[in-house]
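Here are a few notes to go with the model you're about to look at. Have it open while you read, and take the points one by one.

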Amino acid sequence: MLVSKNNFLVEVDSQFVQTIAEGFFIDTDFNPKLLSTKIGKIHAESIGVLPPNKYETKLNLGDTVVFGHNVCQKKNKVAENIFRCPYHAIFARIDDLEIIPLEDIFFCDPIKEEDKNIGGFIVKGSVSNKKAKVYMLSKAAYKAGLEIGDIIYFTKDADYAIDILDKRLFMMRIRNVIGIERNGELKTFRNKLLVKNLTKLGTIGEIKKIYFQTSLQIGEVIESGNTGIEKGTILTYYNGPASIINWNGQDYAFIDERNIKYIIENNMAKTVLDRIIIKQDLSDNKFAGLEIPDSERKKISKGTVMIVGPGGRDNEGRLIPMTVKVGDKVAYNEHATATVDIDGEDYIIIREGELEIIY
């Protein structure tokens with residue numbers, strides 16, 4: 001018997017029982033003590049898994065597999081102890097007590113933080129929600145650049161605690177990795193930059209008075225991943241979307257290229273990707289001969305393009321050239337901008353796609 005595309009039938013030893021407390025059903029996905037996986041066998045194979053060339057680990061009839069416990073719900077039940085299981089809900093295959101992760105999945109040993117002495121009180125370290133040690137890799141995770149034994153820094157709440165063969169592990173996906181510690185050194189991962197934080201209040205490089213509330217930071221690129229930005233580049237970036245760690249007494253951040261606001265070269269600002277810097281014009285409310293009503297003027301502003309980035313990137317990472325150029329007059333919605341103060345003058349940073357009018 002074969003099952004529909006991207007689906008299998010799995011057989012488990014015991015039925016899934018939904019937890020009930022005082023008459024209420026409890027969703028175990030949000031209960032760490034009850035969150036677990038199931039181990040069962042492939043009862044029926046899929047007619048096909050799409051796309052066919054992506055999946056390197058084939059599952060066969062009788063294979064022992066690890067899958068999410070939520071598969072074993074009434075809506076998926078097809079017979080006693082047999083459930084429909086989507087391919088993406090299967091995390092690993094077990095061969096002779098060896099865990100073989102599927103696709104972009106890998107497993108990590110949790111890392112316990114060190115105990116802290118706070119005012120004479122010892123605070124016991126808890127399991128870290130920021131880093132873990134790689135225990136077992138899928139082929140795809142290995143090809144992506146991970147190695148067994150790596151300490152990986154991961155996105156918040158990406159740690160899916162599961163029990164396999166009496167061992168508590170974190171299940172991760174490649175997309176959850178933001179940085180690596182390997183052989184006593186920090187390493188970037190894929191499109192991340194490793195930035196050493198150099199922020200000093202009120203100063204960005206040699207340019208005075210640059211602020212974006214309190215979240216605009218300055219840093220030096222230590223490793224650039226596959227971004228093409230040179231090592232040693234000084235840049236500004238938002239604190240919010242960055243992953244910040246204190247390593248050997250120094251603050252570092254793993255950031256995406258899109259989190260960079262601008263680069264500082266020879267005391268001049270330079271934008272990245274599809275960002276532009278605008279000098280705002282507050283003289284009147286006319287745009288290319290069109291008069292904007294006062295009610296809309298609070299939302300729409302105008303200015304002159306001073307600096308243009310190289311362009312955005314498509315899903316394949318290819319550069320998309322910019323349409324706007326230095327000197328263009330533009331109108332934009334203020335809600336889509338960020339304002340920085342450079343040497344006492346306000347400038348606007350905005351993405352090209354957020355412009356309303358170019359004239």
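**Notes on a sheet and its charged contacts**

1. Let's start with Lys187, keeping in mind that this is a predicted model. Lys187 has a relative accessibility of 25%, so it counts as partly exposed, because that label covers anything between under 20% (buried) and over 50% (exposed).

2. Which residues does Lys187 team up with? One is Glu185: the two form a salt bridge, with their closest N and O atoms 3.1 Å apart. Glu185 is partly exposed too, at 43% relative accessible area. Another is Glu223, whose side chain meets that of Lys187 in a salt bridge of 3.8 Å, N to O. This one links distant parts of the chain, as Lys187 sits in strand 19 and Glu223 in strand 23 (residues 216-223), 36 residues apart. Glu223 is partly exposed, at 24%.

3. Now zoom out to the sheet around strand 19. It's an open sheet of seven strands in the order 16-17-11-14-15-18-19, paired antiparallel. Strand 16 (160-164) and strand 19 (185-187) are the edges, each pairing on one side only. On average, neighbouring strands here are turned by 40 degrees against each other, direction ignored. As a reminder, strands of a sheet pair through backbone hydrogen bonds, either parallel or antiparallel.

4. For a closer look at one pairing, try strand 11 (residues 105-112) and strand 14 (residues 127-137), which run antiparallel over six bridges. You can spot Cys108 standing opposite Val134 of strand 14.

5. What ties Lys167 to Asp109? Their side chains meet in a salt bridge of 3.1 Å, N to O. Lys167 is in strand 17 (residues 167-173) and Asp109 in strand 11, so the pair ties together parts 58 residues apart in sequence. Lys167 is partly exposed at 28%, and so is Asp109 at 22%.

6. There's more of this kind: the count comes to 12 salt bridges. Among the residues involved, Asp104, Arg173 and Arg175 are linked in a network.

7. Is Lys192 buried or exposed? It counts as buried, at 13% relative accessibility. You'll find Lys192 in strand 20 (residues 192-197), and its side chain joins that of Asp256 in a polar contact of 2.9 Å.

8. Last stop, the surface: Ile39, Leu97 and Leu165 make a nonpolar patch of about 270 Å². Leu97 is in the loop between strand 9 (90-95) and strand 10 (98-101), and counts as exposed at 68% relative accessibility.

Key. Residues numbered from 1 in each chain as written. Predicted model: local features only at pLDDT ≥ 70, side-chain atom pairs only at ≥ 80, totals over all residues. Heavy atoms only, no water. Patch = residues over 30% accessible without salt bridge, like charges linked within 9 Å, V, L, I, M, F, W, Y side chains within 5 Å. Areas by Shrake-Rupley, 256 points an atom, 1.4 Å probe, with all protein chains shown as cover. Salt bridge = Lys/Arg side-chain N within 4 Å of Asp/Glu carboxyl O. Helix = DSSP H or I, 4+ residues; strand = E, 2+ residues; numbered from the N terminus. Buried < 20%, exposed > 50% of the residue type's maximum accessible area, 1.4 Å probe, protein only. Pairing = 2+ DSSP bridges. Axes fitted to C-alpha atoms, helices over the stretch in contact; angles between N-to-C directions. Polar contact = N/O pair within 3.5 Å; in protein donor to acceptor, adjacent residues only side chain to side chain.
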